[in-house]
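I want to go through this structure and note how far its parts can be trusted and how some of its strands pair. My entries follow the order in which I looked things up.

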Amino acid sequence: MQHKLILTNLLLLLSFVCFQSVMGQCPTMVVSSFSSDSGEYCETDIVDLQALSNDVMTDNDATALLVWYDSEGNEVVDPSLEILTLSPTCTVVPLNYTLQIICTEDNSLVETLTYTANVYPTDALLEDVYFIVPSPPEFSCDPTIIPNCPDGELTILYFYNGSWSENPPPSINVGDDPLIYNYQVLAEGTLSCGTGSQVIIECTATCMIDTDPLYEFDNHCAGSSIDLTVYSDMIIDNPTGMETIIWYDDEGDVVPDPTNTTLPEPPDCAPVVLTYSVEVPCPTQPGVLAPGGTYIATVYPDPASNASIFDLPSGCETEIVPSCTTGGLDIWYSTDGVNFSPIPPENPAEGDPVLNVNFTINVTGAPAECAFEATYTVACGSGNACPTMVLNPVDETGEYCSGTVIDLTQYSAGVVTDLPDESVALWRDPSGNLVTDPTNVTLPNPPGCGAAPVIYTLEIDCTTDNELNLFGGTFTATVYPQINASLFQLPMGCETEIMPLCPTGNLEILYSIDGINFSVTPPPNPTEGDPVLNVDFTIISVGAPPNCMYMDAYSVNCVDPSMACPTFADIDEADKEAHICEGESFDFEIFYDDLIIDGILESTIFNWTDMNGSMGPIEVPLNLSYNGNGCDPQSYEFQLNLLCEEDLTVNIDVGTFTVFVYPDPFTAEVVLPTEDCETIVTANCPDGTPLLVEYSIDGGNTYTTDPIVLAGGPEAVSIDTRISFENLTYCSALLGTYMVDCPLPLECPVSLNTTSVNVCNNIAESSVLDFSSFVDGETGFGTWMIDDSTIVDLFNPAQVDFVGVLDGTYSFSYLPDDSLCTTGLSLDVLVETCDIQVLLPAAFSPNGDGMHDVLMVRNTENVEAIDFRVFNRWGQEVFFTSVPDVGWDGTYKGTPQPIGVYIYLLQVTFVGGQKEVFNDPVTLIR
């Protein structure tokens, strides 16, 4: 973070009061600080900062300057008499004061100390903004004081009947004696800094409004409209008589339409404050109006509608000149539309390309919507001119089938601009992407079955100004789809008409039963017993070119639907396998559930053939035995054909089905654990096929495939196991029980007190780690390792310097030399580039008095290189240095520069390669 030290003329003249000095060498550190870092005060109290600084002692008798600064960075004029003041507030506010200890021998900063004064508000609470005291007699009979703080940080105390209480006195009625009491308002906290007064309430039958008076405010742009009735609704509990509410403007005139009040344009660039007041009806006195409060509108000018307050550049100039006398305009410039700066771009030289400048103008403090954004062009001399308009834009269309290749350049060849020599024609597709080869563009397939427009846009780009491009027209290709079978459904049963599936239904279908004469009318549906009808057809999108068509043929065979033989059968490949255990009877009908047949099931014969030797038909269900060896399942293959009872010539090949029969899992080679603490059972078939082993501890019936992880214990553990095939777990069987005895191990006496640590790689004093500080309980030698190479021995100096090490996490391991420590200990070191701060004041006074005469970068101990530049209000560079210890003395070419605000641009490269850029104003005073 960049620290700003704002010095004023008055502070410079009084700064001699705020220091202590002794002769000798510069101090290097503070050995005695404040007696306390914070304190509690009431608003307007006096804090003696000078007494606090008297407690400060350094390690050397030296000539030192002690300077106090307040929360705003201003030097404290009289540290022995600092009066604590607040803006109106309801809460305790911390005011931070900093004490800088500066060596007067070399003007270096020794150290900065901080003191916090927690300030409780007092007199500020008397403003009606923060609480509402019961209104005068003609308005209210309620004694309650209402806090207005947003989070209710105020406490109200009432003095009534001889004691203080947070409970208000009881309300009085019309005709009662006046109610007199005192009150006190306190901010929440430990100090009682509140103030109060006396309230007298008389309850009469005069005008009394049972609500809070209005006090609202907001910021607006000139020309905007506001609805004042939104605010008057806040103060009326009873809507009776709302038609009599009257709003008045700043001049005391009645607002004609409170629902739509247009805010005027302020003069010049300065905002104006408009106060609108409202009167509301008295419920107790018809026809009497009482003040209901105010609405304050701060109106900012609108640069967009008042362009006379600034002048755009002309000729080779780039800076916008404000015409207003108040100077309250914020102007930001950008030449790329992204990066904006208050410094105008450099003026082009004659012959440079045209410069397009984006700018934003806003009145200081105005809402963002008041900003005016636009672009102006700076054309200096006879540079290469870019086209400004397209004289003959493209406007072409065409109809195509999808997949057609077109050449777009035939359309852009005729485009003419006012300056064609400095332009290039580029085509973009409907998504805005640049067409890489406009001579060879393949048209895409549109969705559905209707035509869709595909629009290609021509862009004319300037070759000497990458930011300038023009609209060059469009080419619209109406693209029709290549028709495919997914867009329609062929007839079924005795029907002959093709059904389009596309949502728009705009397919044109032509039929023919002789292959020659085509018609849009489908052939008549045959009746039962008619011969098979063969139909040729052509399908095309309505209006599409002829080559977008789809041609094919289908047959219509109209027989008795109840006697129809199957013509097609299919089943998912995943359902062509089955797995059973040895001895189970297998029912082939499990394959029928997912079988797809386009005929009638009652007329279908399922014919199974054994492919394992016996080729004749078989009857199902079937008992299958296991004759294999080891754990390898034995496979049986069967062929399924569909036959038709009505037509024995129908024989449809469905496919081959495989049944895997698994043996008893005890045929596997099983090896139980033989060592203490081991629980894993090895179960491998002779052919290498793995089995599934599951475990349960101490007779429990819950099994898991994860081996039991044992820690040391005084007793042995009983492990139950069962074994099965991995893809057929219901063939499992109990394998048996075995015992595991795992004694308690001796513990390693060495441990690490942390598992991770952070370190900088760019600050000399903060980049060294002492690895020995991470080890607890060491009884012998140990070694730190990284990447299998010993880099740190614990009993050698365990200091590792990480300066220059790349950012990242490095894993170290520590191996103790103790026989009980069988494994190493791990430590992760996160190496990162740390934030390094430099200091630069916000003001300096090159008046030769020896104090703050030079503007220079401070706190440069970890700085490797700088680029420090200062610019005047016209963007002219008046100072540059790349030497960290060199600053600006306020002159340019030997001439003292005038008092005012300058802009500095500072780029710092820190040790380790980290870079940071600072860009802020600095004030030159004398």
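The entries below cover confidence, then two sheets.

**Entry 1, confidence.** I am working with a predicted model, so I checked pLDDT before anything else. The chain averages 78, and 83% of the residues score at least 70. I then looked up the extremes: helix α1 (residues 9-14) has the lowest confidence, with a mean of 28, while strand β61 (residues 877-881) has the highest, at 93. Residues 1-23 have pLDDT below 50, yet I find 74 contacts for this stretch in the model beyond near neighbours in sequence. Residues 237-242 are also below 50, with six such contacts. Where pLDDT is low, the predicted coordinates should not be read in detail.

**Entry 2, a four-strand sheet.** I traced an open sheet with mixed pairing, in the order β2-β8-β7-β5. Because β2 (38-42) and β5 (64-69) are at the edges with a single partner strand each, one side of each has no neighbour in the sheet. Neighbouring strands here are turned by 25 degrees against each other on average, direction ignored. I followed the β2 edge further: β2 runs parallel to its partner β8 (residues 108-120), and the two share five bridges. C42 has Y120 of β8 as its bridge partner.

**Entry 3, a five-strand sheet.** I found another open sheet with mixed pairing, ordered β59-β65-β64-β60-β61. Its edge strands are β59 (843-844) and β61, each pairing on one side only. For β61 I looked up the partner: β60 (residues 863-871) pairs with β61 in the antiparallel sense over four bridges. F871 is bridged to E877 in β61.

Notes. Residues are numbered from 1 along each chain as its sequence is written. This is a predicted model: local features need pLDDT of at least 70, side-chain atom pairs count only at pLDDT 80 or more; totals for chains, interfaces and linings use all residues. Side-chain values use heavy atoms; hydrogens and water are left out. Two strands pair if DSSP finds at least two bridges between them. Axes are lines fitted to C-alpha atoms, for helices over the stretch in contact, and angles run from 0 to 180 degrees between N-to-C directions. pLDDT is the predictor's confidence in each residue, from 0 to 100. Contact means heavy atoms within 4.5 Å.
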